[in-house]
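Please look over the sequence and the model shown here before reading on. The paragraphs after it go from single residues to the protein as a whole and then to its pocket.

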Amino acid sequence: MKNSWIGWMLVLVFSSMMVSGTVHAQENEMTEMRVSVELLENGTGIITEERDMILDSGTELYIVINEEDGLELLDFQVDGLREVDDWDSDLSREEKAGTYGMIQDGDSIELVWGISEYGEQSYTLSYAVANVVRQLNDGQSLFWDFNTFGELEPENLVIEISGPQPFSEEDTRLYGFGYEGQVDLVDGVLRSTSEGGVEADRPVAILMQFMNDPFIPSYYVDETLEEQVERAEAETSRGGEGSIDSSILATALAFLVAGFLAFIFALFNIDARKKEQGKVPSASIQRKRNKGLMFTAIPYKDGELTDIAYFLQHLHKGTYEQYIFAYLLKWSKEKLVSIKTEADESGDAETTVLTFAPHTFRKKRENSLNTSHFELELWELFVAASDDKNQLTNEEMTSWAEKNGKELQALQQSLMDESQAVLIKEGYLKEKMLKFMTMKLPFMGITKKGQKLYDRLTQFENHINALKKDPSLSYRQLIEEKDFLIWASLYGKEEDVISQLEEVVPEWQTQLIEGLPYFYTGYYGIHMMSTSVHTGLSNGGYTHTGGTGGPTSIGGGGGAIGGGGGGVR
């Protein structure tokens with residue numbers, strides 16, 4: 001055992017010496033890299049890279065995007081080049097010239113384009129990635145690694161990030177990790193510049209935290225804003241003090257590694273034993289298990305939409321706001337709510353008016369087996385906010401949510417409590433206890449019945465994603481259109497459904513279309529009302545607050561998603 005630790009120390013010291021002493025003879029250069037990110041309201045990021053380069057060798061350039069933790073590449077293009085479906089890296093430079101494509105490698109996607117000529121070259125590439133903005137327990141965040149250059153480090157790097165509305169210093173926290181530079185807000189836009197270049201083996205990570213919840217993301221992470229910062233800063237403190245001497249770091253790591261490995265071994269041992277006893281699979285394991293499998297009908301018919309919230313949130317779907325949106329659609333379909341959207345006199349703004357039918361709701365509930373407490377409480381909250389004509393505008397909803405945030409937050413917790421209780425009662429989940437040394441560790445186990453449902457929910461998401469990439473696959477769908485939009489909204493995919501509809505039938509909002517559910521025409525009004533709830537909670541201070549701006553840190557950046565390097569070959 002003693003020899004083992006001596007070996008560890010020698011490896012670490014030798015590696016650190018190699019890292020600090022290695023000089024890369026690099027023929028190709030990137031003189032400047034300018035990156036702009038446009039964040040959409042749904043949390044999607046449209047990223048544009050402008051690269052000024054001097055090339056002396058190679059046949060292709062590439063960047064790597066890691067499709068992990070809910071990220072999904074939606075689009076990729078290189079200005080002035082032609083897309084090819086099946087990229088072949090073995091082709092000659094002449095054969096690749098003027099083209100671009102993609103290579104899928106597990107959870108990583110290589111975005112590749114051919115080198116037409118050597119010498120000074122400029123490229124503009126853009127790609128869209130879903131779920132770059134995440135919903136945390138007490139706010140929202142973007143934590144993105146901009147290292148798509150690998151060993152082709154840019155001498156100068158400029159990053160700009162904009163949103164649907166200008167970012168404010170009062171509601172936005174900014175951090176930069178992995179490079180020396182500055183990160184600030186300028187006229188409502190994040191701007192960061194590097195000082196002295198960047199390094200191939202370090203992240204170039206930007207962390208933006210939004211305390212006013214300006215987005216409506218569909219991906220949830222069970223973490224607080226402070227926990228995220230602590231995780232990001234784990235390697236070094238913020239402020240750009242400079243890098244630590246590698247030999248000192250190696251020695252320190254040698255002393256820490258024994259305790260660290262023992263801790264990791266204990267965690268893996270506990271997790272492995274929980275898995276053996278039927279722990280609910282994580283989102284990544286579940287998606288790998290169901291890769292390529294589709295379920296094209298309604299995945300759950302034995303109860304209420306709220307029953308499956310526990311499984312959906314394990315998949316980082318089915319957020320509180322998505323459930324509100326889904327129920328507004330459901331009530332519209334059942335004619336419990338009517339929707340009317342009108343422009344004001346100036347024509348610059350619109351107002352949505354919901355009219356509720358309390359008598360019809362009570363009668364329908366009495367004559368059905370509906371037992372969802374969440375739906376009943378949500379309905380009562382909306383009705384309580386309406387006027388004596390049972391009408392409610394989006395402005396009134398914002399004001400009401402601002403004053404009654406505690407009730408809405410309590411309802412949010414009741415969603416998960418209700419779902420878990422139902423799933424246990426109906427035999428989908430089982431409460432279990434793991435004994436480890438002197439500890440008793442409770443955890444939630446999944447039954448065979450529960451795993452079947454969990455698989456169907458995962459496979460239904462695969463079906464939605466497949467339809468987005470190829471709408472012609474709609475012939476496989478066994479779910480009626482009147483229900484499909486509701487189910488898609490639970491996965492945060494309702495905008496994709498509407499976007500496809502607009503492409504096929506541009507006049508769908510103004511004309512009656514055969515086969516199209518009538519309540520689809522109220523989509524944007526419902527969307528406006530759902531957003532009003534979100535805005536009211538933010539205005540009421542039911543989110544986190546903090547500061548902004550400052551120097552970046554040469555270290556840290558652990559946990560950033562997105563970029564996985566790149567280069568020339």
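A residue is called buried when its relative accessible area is under 20%, exposed when the value is over 50%, and partly exposed in between. The structure is a predicted model, and the three classes can be tried out on it one residue at a time.

Take E396, a residue of helix α10, which spans residues 394-403. Its relative accessible area is 36%, so E396 is partly exposed. A polar atom of the E396 side chain lies 3.0 Å from the backbone nitrogen of T393. E396 also has a partner from far along the chain: V533 is 137 residues away in sequence, yet the two C-alpha atoms are 9.8 Å apart.

K335 falls in another class. With a relative accessible area of 60%, K335 is exposed. K335 belongs to the loop between α7 and β16, the latter covering residues 337-343. Its phi is near 60 degrees, which is a positive value in a residue other than glycine. The loop on the other side of α7 has a similar entry to note: H316, between α6 (309-314) and α7 (320-333), has a positive phi of about 65 degrees although H316 is not a glycine.

The buried class can be followed through strands and helices. T172 lies in strand β12, residues 172-177. Its relative accessible area is 2%, and T172 is therefore buried. The side chain of T172 places a polar atom 2.8 Å from the backbone oxygen of S168.

L73, in strand β4, has 9% relative accessibility and so also counts as buried. What does L73 touch, once residues up to four places away in sequence are set aside? The contacts are E67, M102, I109, L111, Y127, A128 and V129. The C-alpha atom of L73 is also separated by 10.0 Å from that of G562, a residue 489 positions away along the chain.

T458 is a third buried residue to examine, at 1% relative accessibility. T458 is placed in helix α12. Beyond residues up to four places away in sequence, T458 touches Q286, R287, N290 and L315.

A whole helix can be judged in the same terms. Of the 10 residues of α13 (residues 481-490), eight are buried, so this helix is largely enclosed by the rest of the structure. The buried residues are D483, F484, L485, I486, W487, A488, S489 and L490. Just after α13 comes G492, with a positive phi of about 70 degrees.

K430 gives a further view of how separate parts of the chain are placed. K430 sits in strand β19, residues 429-436. With neighbours within four places in sequence left aside, K430 is in contact with F443, M444, G445 and T447. V280 is 150 residues from K430 along the chain, and the C-alpha atoms of the pair are separated by 9.8 Å.

Now consider the protein as a whole. The protein contains 15 helices and 22 strands. Buried residues make up 47% of its 569 residues. Among contacts with a separation of 6 or more, 76% join residues 24 or more positions apart.

The last feature is open space. Rolling a probe the size of a water molecule over the atoms shows where empty space is left. How much space lies in the largest pocket? The figure is about 1,300 Å³. Its lining consists of 38 residues, of which E67, L71, E72, N465 and K469 are the closest to the centre of the pocket. One of these, E67, is also among the contacts of L73.

Several elements contribute to the lining of the largest pocket. At least two residues come from each of β4 (72-78), β6 (99-105), α5 (283-289) and α12 (448-469). Two of these elements appeared earlier, since β4 holds L73 and α12 holds T458. The lining also draws on two domains, with at least three residues from each of domain 1 (29-236) and domain 2 (292-538 + 546-550). Sorted by class, the lining has 15 charged, 12 nonpolar and 11 polar residues.

How values were computed:
Residues are numbered from 1 along each chain as its sequence is written. This is a predicted model: local features need pLDDT of at least 70, side-chain atom pairs count only at pLDDT 80 or more; totals for chains, interfaces and linings use all residues. Side-chain values use heavy atoms; hydrogens and water are left out. On a 1 Å grid over the protein atoms alone, a cavity is a set of points where a 1.4 Å probe fits but cannot get out, and a pocket is an open set with protein on both sides within 12 Å along at least five of seven lines; lining residues have an atom within 4 Å of a point. Grid points are joined across faces, edges and corners, and a volume is the space filled by probe spheres set on the points. Helices (H or I, at least four residues) and strands (E, at least two) are DSSP runs, numbered from the N terminus. Ala, Val, Leu, Ile, Met, Phe, Trp, Tyr, Cys and Pro count as nonpolar, Asp, Glu, Lys and Arg as charged, and the others, Gly among them, as polar. Domain bounds come from an automatic or database domain assignment. Buried means under 20% relative accessible area, exposed over 50%, partly exposed in between (1.4 Å probe, protein chains only). Contact means heavy atoms within 4.5 Å. A polar contact is a pair of N or O atoms within 3.5 Å; within protein, one must be able to donate a hydrogen and the other to accept it, and residues adjacent in sequence count only if both atoms are side-chain atoms.
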